[in-house]
Amino acid sequence: MRPSSSADVRRAFLEFFKNRGHEVVKSSSVVPSNDPTLLFVNAGMVQFKDVFTGREQRAYRRATSSQKCIRISGKHNDLEAVGPSPRHHTFFEMLGNFSFGDYFKADAIAFAWDFLTNVLELPKERLICTYFKGEEGIAEDSEAREIWRRVTGFGDERIRGLGMSDNFWQMGDTGPCGPSSEIYYFNGPAVDLDAFGQEQTPEGFGWVEIWNLVFMQFERSITDGVATLTPLPAPSVDTGAGLERLTSVCAGQLSNYDTDILHRLAETAAALANKQYGGTTSPDDVSLRVIADHARTTAFLIAEGVVPDRTGREYVLRRVMRRAIRHGHRLGIEKPFLHEVALEVVQLMGDVYPELVERRALISSVTLAEEERFRQTIERGLGLLEERFDDMKARGTTVLDGRDAFQLYDTYGFPLDLTEVICGERGYTVDTAGYDAALAEARERSEFKGVDQAALPVYAEVAAALPEGVRFVGYDRDRAEGRIVALLANGARVSEVSEGAACELVAELTPFYGEAGGQVGDLGRITSPNGELTVEDTLRPKTGLFVHRGHVARGTLRVGDAVDLAVDVARRERIRRNHSATHLLHFALRQVLGAHAQQKGSLVGPDRLRFDFTHSRAVTPEELARIEELVNERTLGNHPVRTEVLTMDEARTRGAMMIFEEKYGDVVRMLTMADSTELCGGTHARATGDIGLFKIVSEQGIAAGVRRILAVTGEGALEHVREVEGALANVARAAKTTPAALLDRVEKLVLHERALEKQVEELQKKLASGGGGGVDGLLAKARDVAGVKVLGVRSAVTDRGALRELAEQLRDKLGDSVVLVGSEAEGKAQLVLTVSKSLTSRFRAGDLIRGIAEIVGGSGGGRPDMAQAGGTEIGKLDEAIESVYSGVAG
């Protein structure tokens with residue numbers, strides 16, 4: 001029987017190729033582990049890229065997988081096909097089979113045809129196959145054409161030749177490449193061969209590609225601008241079939257959104273919006289499809305440690321989430337909803353992708369927090385747009401100013417593509433060039449912390465005079481000799497500075513590290529024969545420019561002076577230790593908490609290190625202990641810290657950990673210490689043993705899905721241990737014992753305190769009951785007021801609970817009555833008023849006690865039959881108690 005659900009199609013595909021000698025390989029993370037140039041894994045072959053290029057060898061030569069993929073380009077409006085289109089998604093699963101120099105075209109084509117027609121039972125008359133027809137000097141793939149004829153029995157009307165844009169694939173400008181073949185399926189009541197090559201209709205009618213077979217048979221090289229194709233010694237195969245599309249054609253549906261998972265998500269969104277999902281092209285159904293698709297992307301990205309933010313992958317996630325939230329707002333959903341749809345993704349797909357279940361709480365909390373944040377500004381942002389639309393209409397323009405679009409992004413959190421969509425709905429466009437200019441200006445203002453924005457033009461002038469930049473020699477040296485090339489004071493270039501002046505100094509070279517990558521700048525001294533600068537910070541206001549900021553300690557410094565630049569070595573060594581410890585901490589976090597624990601920020605100073613990472617909950621004491629243990633094991637191992645300068649491709653091949661948001665050049669520094677391999681431009685210890693003791697000081701949450709660890713090393717760790725030991729000794733001294741016996745002493749004190757508390761509680765109860773006739777004496781003070789028994793008394797009871805019990809006891813003994821009991825506790829007045837339930841229609845305890853509480857300078861309230869109050873004017877307590885009689889009478 002033909003499979004019709006996503007799970008059935010996925011299972012059938014993997015089993016089909018497993019039975020034909022393929023290794024079933026688990027989907028890799030959707031976040032590439034070794035390629036900071038790639039936002040997301042966007043095809044099944046990405047995890048096998050190094051295998052195809054020969055950089056990696058595996059134990060198998062045939063593989064099959066169902067790969068999690070995300071395809072969202074950097075174009076402003078690339079998301080807009082998702083929702084209106086029946087087949088576009090941001091997240092999808094790519095089914096694939098791969099040959100690494102094993103089988104080639106004949107088997108790949110035969111496998112595909114066998115699976116589609118015999119396993120999925122797709123009607124042959126609804127299929128068309130393509131091959132590369134030859135173009136740009138590359139010969140036609142006649143081999144593939146003949147294989148298709150032999151396998152399918154089709155003639156030329158169903159085996160179509162296509163050009164480079166459709167049927168030729170290459171990994172880049174150079175490298176493996178080759179022709180490809182595609183298989184198309186016709187959706188609609190009657191097959192129309194003449195419609196091949198036309199776009200599907202919005203309803204889903206027409207030809208849709210369901211499988212792509214790539215035949216890597218050439219190596220492309222370029223010499224003197226001329227490209228050459230050389231046959232590969234071991235041709236390979238890379239195929240990809242979208243699970244959603246295959247499932248839709250198997251289920252006889254025109255739209256991917258009518259398949260089991262996506263349809264369920266659309267219906268979940270519809271229920272939250274109090275709508276019905278009809279699968280049409282109506283605006284409401286489009287919005288529901290957007291939410292269904294974007295909820296999947298949201299759940300999978302957050303599960304892998306990506307949280308919404310303003311740059312990189314995080315910003316892509318924010319764009320997706322806020323587009324979904326805006327569509328929910330459009331549907332009239334007034335409360336946060338996206339987290340509920342994302343949790344439905346967990347429910348539907350968690351059995352195949354267990355990381356969704358493991359990070360369910362993270363998915364929910366991060367999604368909810370992002371929606372709550374956006375909902376705080378969305379109305380104001382839409383209001384601003386309406387104001388701009390009115391202004392544009394009055395001025396007769398249809399283009400929204402780019403700076404207004406940037407304000408919507410920067411102040412109200414509107415991604416540009418969201419602003420473009422809203423404008424498009426009203427017949428307007430956006431000045432994207434103006435937006436990009438405003439964004440670039442903002443980035444330049446914020447890129448370098450601590451930089452005087454007014455001085456940026458001066459820094460640019462200095463940098464322009466140094467085409468090779470300032471030469472940094474601080475990796476190997478703490479001291480160097482050079483020459484002053486620029487001096488700045490009060491934001492302007494000067495030729496000399498004298499004693500006491502604040503200034504900034506640029507030399508032709510420097511051993512001083514400028515603040516970057518989370519590591520603080522170096523301090524120290526710069527001296528010439530005639531003067532000395534105390535360096536109080538080192539900045540990098542522009543790439544390649546190191547600026548030493550400080551005060552002239554003596555004499556005069558002039559441009560052109562020869563100088564000796566000396567870093568504060570003791571401080572630098574503490575920074576080195578802390579920086580290397582962050583690398584080991586990052587490794588340990590991923591080992592203990594999981595691969596999702598990715599760096600989100602850091603600060604490396606001389607006194608401590610701070611490390612922010614993605615995780616959905618507080619790290620347990622046991623986990624923190626294990627993290628400390630892993631780091632300290634590697635410091636005790638005294639592993640050398642090796643630095644290599646490599647090309648980005650070499651570092652990626654070596655498995656270096658990379659942070660997507662970091663800016664890497666073509667040549668990078670790779671740091672290896674023990675089990676950690678990361679790209680880093682900072683200064684580090686020479687061996688892990690230099691770190692000394694590593695100690696975590698605190699762990700806390702700083703944002704939804706982001707945790708922070710503060711830690712110390714070396715002398716800082718020793719100081720921390722001494723502080724803890726000192727505090728422990730002081731506590732032991734106060735408890736009249738020794739630190740070793742402190743736990744036993746505290747446990748005994750706690751037990752003794754509990755016994756005393758129990759005695760006090762019993763005494764309070766005895767006191768409240770009068771201890772032998774006292775209650776009867778209190779009852780004798782009751783008065784008849786307007787036919788109601790009213791009693792106001794003062795008690796020595798200090799416990800509020802006991803005071804409440806006394807009031808209830810007096811009320812019950814009096815019968816239908818109003819009772820007020822007051823007492824003094826810790827220098828304040830406390831009052832409890834109770835009313836028999838039969839009288840609450842006439843007297844409400846909460847109303848009565850408010851006026852009484854004002855007398856003692858306080859406030860109160862409660863239920864109709866019981867209320868409490870307190871106040872600071874203890875001298876008026878008796879007056880307040882007496883007022884209950886007039887309160888009932890009044």
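Contact here means that heavy atoms lie within 4.5 Å. The structure described is a predicted model, and two of its open sheets and one buried residue are considered in turn.

Helix 17, made up of residues 569-593, lies across strand 25 and strand 26. Its direction relative to strand 26 is given by an angle of about 115°. Both of these strands belong to an open sheet of three strands, arranged in the order 24-25-26 with antiparallel pairing. The edges of this sheet are formed by strand 24 (642-647) and strand 26 (676-679), each of which pairs on one side only. On average, neighbouring strands of the sheet are turned by 25° against each other, direction ignored. Strand 25 covers residues 667-673 and is joined to strand 26 by four bridges, the two strands running antiparallel. Within this pair, Met670 of strand 25 stands opposite Leu679 in strand 26.

A further open sheet contains four strands in the order 22-23-28-27, and here too the pairing is antiparallel. Strand 22 (599-604) and strand 27 (694-703) each have a single partner strand, so one side of each is left without a neighbour in the sheet. Neighbouring strands of this four-stranded sheet are turned by 15° against each other on average, again with direction ignored. In general, the strands of a sheet pair through backbone hydrogen bonds, in either a parallel or an antiparallel manner. Strand 23 (residues 609-614) and strand 28 (residues 706-713) pair in the antiparallel sense, and six bridges link them. One residue pair in this arrangement is Asp612 with its bridge partner Arg708, the latter located in strand 28. Helix 18, which spans residues 621-636, lies across strand 27 and strand 28 and runs at about 130° to strand 27.

The remaining site is centred on Glu504, a residue of strand 16 (residues 502-507). The relative accessible area of Glu504 is 9%. Because residues under 20% relative accessible area count as buried, Glu504 is classed as buried. Its side chain makes a polar contact with the side chain of Tyr459, at 2.7 Å. When neighbours within four places in sequence are left aside, the residues in contact with Glu504 are Tyr459, Ala486, Leu487, Leu488, Val547, His548 and Arg549. Tyr459 therefore appears both in this list of contacts and as the polar partner of the buried Glu504 side chain.

Technical notes. Residues are numbered from 1 along each chain as its sequence is written. This is a predicted model: local features need pLDDT of at least 70, side-chain atom pairs count only at pLDDT 80 or more; totals for chains, interfaces and linings use all residues. Side-chain values use heavy atoms; hydrogens and water are left out. Two strands pair if DSSP finds at least two bridges between them. Axes are lines fitted to C-alpha atoms, for helices over the stretch in contact, and angles run from 0 to 180 degrees between N-to-C directions. Buried means under 20% relative accessible area, exposed over 50%, partly exposed in between (1.4 Å probe, protein chains only). A polar contact is a pair of N or O atoms within 3.5 Å; within protein, one must be able to donate a hydrogen and the other to accept it, and residues adjacent in sequence count only if both atoms are side-chain atoms.
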